[in-house]
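Reader: Hi! Could you take a close look at the aromatic side chains for me, and then walk me on to whatever is bound? I would love one connected account rather than a list.

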Amino acid sequence: MADWDLLLTDTRLATMNPALPGYGAIEGAAAIAIRDGRIAWLGKQSELPRGDALAHRSLGGCWITPALIDCHTHIVFGGDRAEEFEQRLGGASYEDIARAGGGIMSTVRATRSATADELFAAALPRVEALASEGVATVEIKSGYGLDMDTEIRMLEVARRLGDESSVDVRTTLLAAHTVPPEYKNDADGYIAFICDEILPRVAQRGLADAVDAYCESIAFSASQVATVFDKAAALGLPVKLHADQLSNCGGAALAARYKALSADHLEYTTPAGVDALSAASSVAVLLPGAFLTLSETQLPPIAAFRGKGVPMAVATDCNPGTSPICSLRTAMMLAARLFKLTPCECLAGVTREAARALGLLDDRGTLEIGKRADLALWNIGHPRDLAYWFGTPQLAERMTSGHTTRS
Ligand code: DI6
Ligand code: FE
């Protein structure tokens with residue numbers, strides 16, 4: 001029996017291994033060997049142990065990084081909000097549109113009236129657009145149903161995208177996204193419905209890998225979110241939070257109190273919130289697409305995250321209202337240009353730290369022995385190019401579990 005299924009030689013590796021500095025680069029002819037879909041060996045080619053491989057490819061100096069991971073999306077939804085985009089360009093505010101019955105509720109109406117097949121057909125090209133840039137893992141949230149049937153339908157569609165597309169999908173229940181019309185003026189009643197009905201059903205059917213909520217003055221209070229998180233903990237589900245996006249609601253501290261996998265957005269997070277995330281080892285997920293689309297000017301506290309060792313991930317937040325972006329490379333570029341992340345932080349943010357934000361770091365997100373052989377092969381001169389160029393296809397090939405699934 002062969003030692004390896006596939007041996008790749010004459011490559012340059014950006015391993016993103018946290019034990020190594022920067023990109024964790026192995027240059028000057030590196031090799032990587034794959035067996036049973038996992039990395040069996042990697043290092044300098046001159047140190048390659050003796051062994052035979054079923055297949056061998058020499059890659060002419062091509063850079064390989066871990067395949068990319070988009071750890072925050074709302075990629076399943078009905079309709080779109082292009083008309084609202086035009087209204088906003090004409091001067092209407094996000095709030096004006098919401099008051100007129102548009103905004104997030106217009107997506108809820110379109111999602112409720114869409115069949116599972118329609119939601120799947122609309123989402124598939126968006127997922128494949130991410131894949132075309134080297135993404136192999138995508139997190140997908142519910143949250144445009146806000147009733148039992150549609151929240152479940154969204155999660156089923158997300159699972160089906162994982163089964164039938166070329167990416168691995170992690171699902172998140174975001175029933176606590178906003179208060180649906182059925183519970184107008186009774187947010188507590190909706191929270192009780194989530195805890196008593198939706199969460200147990202979703203958990204029992206294994207439809208969600210995590211639970212998210214929107215902690216904001218226009219959505220749910222910290223104590224309402226805590227009620228949802230208590231129920232999630234009782235059901236053994238990890239939590240994450242849309243925190244401090246539009247105002248300081250103490251979201252980061254709340255997420256930290258529940259040892260959240262991540263707290264996301266964080267534009268208005270205070271130094272105390274940064275300390276809390278640091279102590280809880282939660283990941284800060286930065287979403288520059290929403291920052292751009294909302295013309296936000298309050299920057300997330302990047303220097304404080306760095307100073308306190310809070311890991312930073314970068315994601316698209318792909319959604320029809322505040323982040324119509326199906327490009328993780330664009331999110332990397334925006335994180336560099338708007339948030340001044342270094343190109344190395346941008347790449348770590350869509351590989352290692354994105355894996356950490358999904359609780360998957362033991363399995364993927366870096367090039368290390370034993371991890372899934374999810375690889376992105378690039379036509380680039382240096383890994384910094386990935387945050388520098390935008391709108392430029394540079395993926396040569398993507399492998400998932402050691403097989404070429406995009407080229
Ligand atoms: N924060 C956001 O930016 C989106 N959801 C959230 O919790 C907005 C979603 C939308 O407007 O459709
Ligand atoms: Fe979001």
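**Aromatic pairs and the bound groups**

Author: Happy to! Counting rings whose centres lie within 6.5 Å as paired, there are seven aromatic pairs; please keep in mind that the model is predicted. One of them joins Tyr183 and Phe193, whose ring centres are 6.0 Å apart with 25° between the planes, a stacked pair. This pair links distant parts of the chain: Tyr183 sits in the loop between β7 (168–176) and α6 (187–204), while Phe193 belongs to helix α6, 10 residues apart. Tyr183 has a relative accessible area of 22%, so this residue counts as partly exposed.

Phe291 and Phe339 give another kind of pair. Their ring centres are 5.0 Å apart and their planes stand at 85°, so this pair is edge-to-face. Here too distant parts of the chain are linked, with Phe291 in helix α10 (residues 288–293) and Phe339 in helix α12, 48 residues apart. Both Phe291 and Phe339 are buried. Back at Tyr183, ring pairs also build a cluster, made up of Tyr183, Tyr190, Phe193 and Phe220.

Now for what is bound, starting with ligand 1. The residues around ligand 1 include Arg81, Tyr94, Tyr144, His177, Tyr214 and Asn319. Two of these tyrosines offer polar side-chain atoms to oxygen atoms of the ligand: Tyr94 at 2.4 Å and Tyr144 at 2.7 Å. Arg81 joins in as well, with a side-chain N or O atom 2.9 Å from an oxygen atom of ligand 1. Taken alone, ligand 1 exposes 320 Å², and the protein buries 99% of that.

His242 and Asp317 are also among the residues surrounding ligand 1, and they lead us to the iron ion (ligand 2). The iron ion is coordinated by NE2 atoms of His72, His74 and His242 and by OD of Asp317, at 2.1 to 2.2 Å. Along the chain these donors follow the spacing H-x1-H-x167-H-x74-D. His72 lies in the loop between β5 (68–70) and α1 (82–89), and Asp317 in the loop between β12 (312–314) and α12 (328–339), so this pair ties together parts that are 245 residues apart in sequence. His72 and Asp317 are both buried.

Why is the arrangement around the iron ion (ligand 2) irregular? The four donor atoms subtend angles of 82 to 166°, whereas a tetrahedral label would need all angles to lie between 85 and 135 degrees.

Notes: Residues are numbered from 1 along each chain as its sequence is written. Chains are lettered from A and ligands numbered from 1 in the order in which they are written. This is a predicted model: local features need pLDDT of at least 70, side-chain atom pairs count only at pLDDT 80 or more; totals for chains, interfaces and linings use all residues. Side-chain values use heavy atoms; hydrogens and water are left out. Donors are N, O and S atoms within 2.8 Å of the metal (3.2 Å for Na, K and Ca); water is not among the atoms, so sites may look incomplete. Four donors count as tetrahedral if all angles lie between 85 and 135 degrees; four count as square planar and six as octahedral if opposite donors are over 155 degrees apart and all others between 65 and 115; anything else is irregular. Helices (H or I, at least four residues) and strands (E, at least two) are DSSP runs, numbered from the N terminus. Buried means under 20% relative accessible area, exposed over 50%, partly exposed in between (1.4 Å probe, protein chains only). A residue is near a molecule or strand if one of its heavy atoms lies within 4 Å of it. A polar contact is a pair of N or O atoms within 3.5 Å; within protein, one must be able to donate a hydrogen and the other to accept it, and residues adjacent in sequence count only if both atoms are side-chain atoms. Accessible areas come from the Shrake-Rupley method with a 1.4 Å probe; for residues, only the protein chains shown count as cover. Rings of Phe, Tyr and Trp (its six-membered ring) pair if their centres lie within 6.5 Å; planes under 30 degrees apart count as stacked, over 60 as edge-to-face and the rest as tilted.
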